[in-house]
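Hello,

Here is the structure I promised to pass on to you. Please have it open while you read, and my notes follow below it.

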Amino acid sequence: MITKMKKYTFLVFHRDYEQFLLRLREAGMVHISQKAEGITDNQLLNGQIALCQRIDKTVNAVETYLPEDAHPLQEKALEGNELTGLLNAFDALQAEKAQLEQSISATEKEAQRMQVWGEFSSERLSQLQTAGYHLRYFVVDSGKYNAEWEQLYHAFRVAEQGSKVYFLTVNPSNEEFAIDAEEIKLNGHNCIQLQNDVEALRGLLVAKNADLQKYALANLLTLKAASKSTQEAIDWQCVELNTESVADDSLKLLEGFCPEEQSAELKKMLEAETVYYLEEEPAQTDATPIKLRNNFFARLFEPITRLYSLPNYCEIDPTAFFAPFFMLFFGLCLGDGGYGLLILLAGIILLIKKPNFKNWGWLAVFMGCSTMIVGILTGMFFGIELEKVAFLKPVKEYFITDNNFKAACHGYSPMMVFAIAIGIFQVLFAMGFKVAKITLQKGFKYAAYDCAWLVFLVSCLVMFVPALLGFTLPLWGTYALYGLMGLCALLILFYSNPDRKFLVLNIGSGLWGTYNMVSGLLGDILSYIRLFALGLAGGILGNVFNQLAMQVGSGMPAWIGWLPMVLIMVFGHGLNFALSFISAVVHPLRLTFVEFYKNAGFEGGGLEYKPFKK
């Protein structure tokens, strides 16, 4: 849900304004209203923002060099240009490390290139040059090598590698000739010397990493403190730029928002100040900040809400309403109880080892449990079909598989039927959510059109689903449904927009809306079939890897056959898990942000609540 806000307008005498801002920042409850003019073009502010981004980037990089279980030294106070010097020092160390890594890579390639020429002596080659002999080095395809070159140009074959022949010629320095081969230049060092150069460079790299570790220990806390102080300076400048001067600059006018539960504390602080303030309810046109407040379960899914957009202040927070669907969809797409067990264990480890990531750990626990339940119900565990396991024979008829329930679903796969059913339910639920949202925002008369569609579709289901299940509605019930559907059809055709007074315009709008609803609804429902398809594909692929591993292992002696079996299963299930996991994240996101949000009338565009504070 969205936390209720109060809008405040502050009017302060210009001499008291700085002290007022200090106390307002100390309280840390008020989100300052922002105005676009004068902020984006402010050079001082942009410079501070760039500096803060550079500090944060440096902090993230420095943390990677901090040794495990190490305790950074106490932060130091920076003055003048010391911060810039500190940042430049790290950039220089990084550049030197990058240069060393580049030199190592280039020298390794050069050593590999020179390996074919053997361990020659650079001094002896120089002596030959001094004695008047000129050495040239060539490489040519083996089919193009001409043995006559050995007589004509004193060619010597050095090596043959693949389809290439490497050779050199020895001739007097004043003798010029041309050979149909690619001439290459030798490095001054042979391959052994180059490998020694690589080792020396690696030693320098180890020393440079040690310097970076020393830097991290000495300066990490200092950089973090500088980041905070720079961000505070940015916040302060933003508040000043969002302040309006009135009454010939003698008064300062500032607007902000405070959560309703903190308003009493804020007013108590304001009563002690020489400030005039006005408290009021936010208007629909105000850019009211959004602070989400959900229960433990729904709070885990708030990052997914933020991934798309926060709701605006006049909307209903959709997080708690799509969260159960998202968890179910994840389990259906992954569809394997064994994979669910892995995710559950990963979540538990994250909760124990990384308390700072406890929300992600709990989310993994819930997702893992959902996948385990779906996988066990559908009879799939690490690609093993549970209904074919001997000791599970007494309960195999309870697994939701084609063998057990296809006949009851009129020849269709039971999981496909379930995917379509859950899709219909979520779409109708989203339409009900939209009716409630519009009713709260504008009143029921503006929600009547959407309510009519919802009642019409539910009536169709009540009429036709029992017939598919073999039940017959009483005659009075059928007539009642016909009457209700007729009333809904009238509202759909003639009341699509309550503000329009012309009947013809409403009819045209109603017909166009009917076309969009029917075509869009069909596409939305069909999207949910992917829940079944992705789960089925992952299960089949896991089963294929199991069969492949068994076939390869059974065709080899028992003492060695287990090794390729394990390798195939680890690689196969690892690949399948990765692909299935991506699908299990992406497709539920799509169903949430496209099908659910569209039918729920989600508007979004909310601005996150960020109070002015230290």
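Below is what I found, starting with a sheet and ending with a pair of helices. Please keep in mind that this is a predicted model.

**The sheet**

Four strands make up an open sheet, in the order S4-S5-S3-S6, and they pair in antiparallel fashion. At the edges stand S4 and S6 (182-184), each of which has a single partner strand, so one side of each lacks a neighbour in the sheet. On average, and ignoring direction, neighbouring strands here are turned by 30° against each other. As a general reminder, the strands of a sheet pair through backbone hydrogen bonds, in a parallel or an antiparallel way.

How many bridges join S5 to S3, and how many join S5 to S4? Between S3 (residues 133-141) and S5 (residues 164-172) there are nine, with the two strands antiparallel. Between S4 (residues 155-161) and S5 there are six, and this pair is antiparallel as well. To help you find the register, look for Val140, which stands opposite Val165 in S5. On the S4 side, Phe156 stands opposite Leu168 in S5, and Ala155 has Thr169 of S5 as its bridge partner. S4 and S5 form a hairpin with two residues between the strands, and there Gly162 takes a positive phi near 65°.

**Thr169 and its surroundings**

Thr169 deserves a look of its own. This residue lies in strand S5. Is Thr169 buried or exposed? Its relative accessibility is 0%, so Thr169 counts as buried. Leaving aside residues up to four places away in sequence, Thr169 touches His134, Leu135, Arg136, Phe138, Tyr153, His154, Ala155, Phe177 and Ile179.

One of those contacts, His154, has a backbone angle you may want to check: its phi is positive, about 55°, although His154 is not a glycine. You will find His154 in the loop between helix H5 (149-152) and S4. With a relative accessibility of 39%, His154 counts as partly exposed.

**Another positive phi**

Where is Phe382? It is in the loop between strand S11 (380-381) and strand S12 (384-385). Phe382 is a residue other than glycine with a positive phi, near 50°. Its relative accessible area is 26%, so Phe382 is partly exposed.

**Two helices that cross**

Finally, turn to helix H10 (residues 319-334) and helix H12 (residues 358-377). Their axes come within 8 Å and cross at roughly 50°, which means that H10 is oblique to H12. The crossing of H10 past H12 is right-handed.

Which residues meet where H10 and H12 touch? Here are the two sides:

- From H10: Phe326, Met327, Leu328, Phe330, Gly331, Leu332 and Leu334.
- From H12: Phe366, Met367, Ser370, Thr371 and Val374.

Sorted by class, this contact of H10 with H12 holds nine nonpolar residues, three polar ones and no charged ones.

**Places to click on**

If you have only a few minutes, I would suggest Thr169, which is buried in the model, then Gly162 in the hairpin of S4 and S5, and then the right-handed crossing of H10 and H12.

Best wishes

Technical notes. Residues are numbered from 1 along each chain as its sequence is written. This is a predicted model: local features need pLDDT of at least 70, side-chain atom pairs count only at pLDDT 80 or more; totals for chains, interfaces and linings use all residues. Side-chain values use heavy atoms; hydrogens and water are left out. Axes are lines fitted to C-alpha atoms, for helices over the stretch in contact, and angles run from 0 to 180 degrees between N-to-C directions. Angles under 35 degrees count as roughly parallel, over 145 as roughly antiparallel, 65 to 115 as roughly perpendicular and the rest as oblique. A crossing is left-handed if the near helix is turned anticlockwise from the far one by less than a right angle, and right-handed if clockwise. Contact means heavy atoms within 4.5 Å. Ala, Val, Leu, Ile, Met, Phe, Trp, Tyr, Cys and Pro count as nonpolar, Asp, Glu, Lys and Arg as charged, and the others, Gly among them, as polar. Two strands pair if DSSP finds at least two bridges between them. Buried means under 20% relative accessible area, exposed over 50%, partly exposed in between (1.4 Å probe, protein chains only).
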